[in-house]
Amino acid sequence: MPLYEHVFLARQDLSQAQVDALAATATEIVEANQGKVTKTETWGLKSLAYKIARNRKAHFVLLNIDAPAGVVAELERQTAINEDVIRWLTVRVDEHESGPSVQMRKNDRERAKRREREEF
């Protein structure tokens with residue numbers, strides 16, 4: 001089956017529990033249509049380069065999906081209906097990254113640098 005990466009941005013005023021519920025809903029949509037979500041990453045609340053629907057920040061979530069194209073079309077349709085999601089992007093990939101994504105590795109590097117500075 002084709003592999004996809006689906007990233008969506010949720011409104012800044014949502015709690016982390018609500019963002020997790022949005023990710024769970026997306027997972028249910030995929031699994032209800034004979035697809036599979038292999039990895040879910042929540043990247044946290046990040047600043048946006050410009051305002052989107054009066055939001056300066058957004059919660060970022062990544063889903064690695066293994067599903068037919070029709071499943072992705074249904075996921076995008078449901079995402080477009082949801083008013084808590086302000087942007088989304090789905091990209092077909094040849095293979096999923098093993099381990100954490102680039103965004104998660106970036107956070108780990110920043111924490112390590114911060115710890116090094118605190119030791120001095």
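This is a short dialogue on reading one helix and one loop in a predicted model.

Student: What should I know about the model before I begin?

Tutor: The model is predicted, so local features need pLDDT of at least 70 and side-chain atom pairs count only at pLDDT 80 or more, while totals for chains, interfaces and linings use all residues. Residues are numbered from 1 along each chain as its sequence is written, and side-chain values use heavy atoms, with hydrogens and water left out.

Student: Which residues of helix 2 are buried, and where do they lie around the axis?

Tutor: An α-helix has 3.6 residues a turn, so residues three or four places apart point the same way. In helix 2 (residues 69-81; helices, H or I of at least four residues, and strands, E of at least two, are DSSP runs numbered from the N terminus), the buried residues (under 20% relative accessible area, with exposed over 50% and partly exposed in between, for a 1.4 Å probe and protein chains only) are V71, V72, L75 and T79. They cover an arc of only 95° around the axis, taken from the directions from the helix axis to the C-beta atoms, which puts them on the same side of helix 2. The face turned away from that buried side carries the exposed residues G70 and I81.

Student: Which residue in the loop between strand 2 and strand 3 has a positive phi of about 50°?

Tutor: Most residues other than glycine have a negative phi. A53, in the loop between strand 2 (36-52) and strand 3, has that positive phi of about 50° although A53 is not a glycine, and A53 is exposed, with a relative accessible area of 57%.
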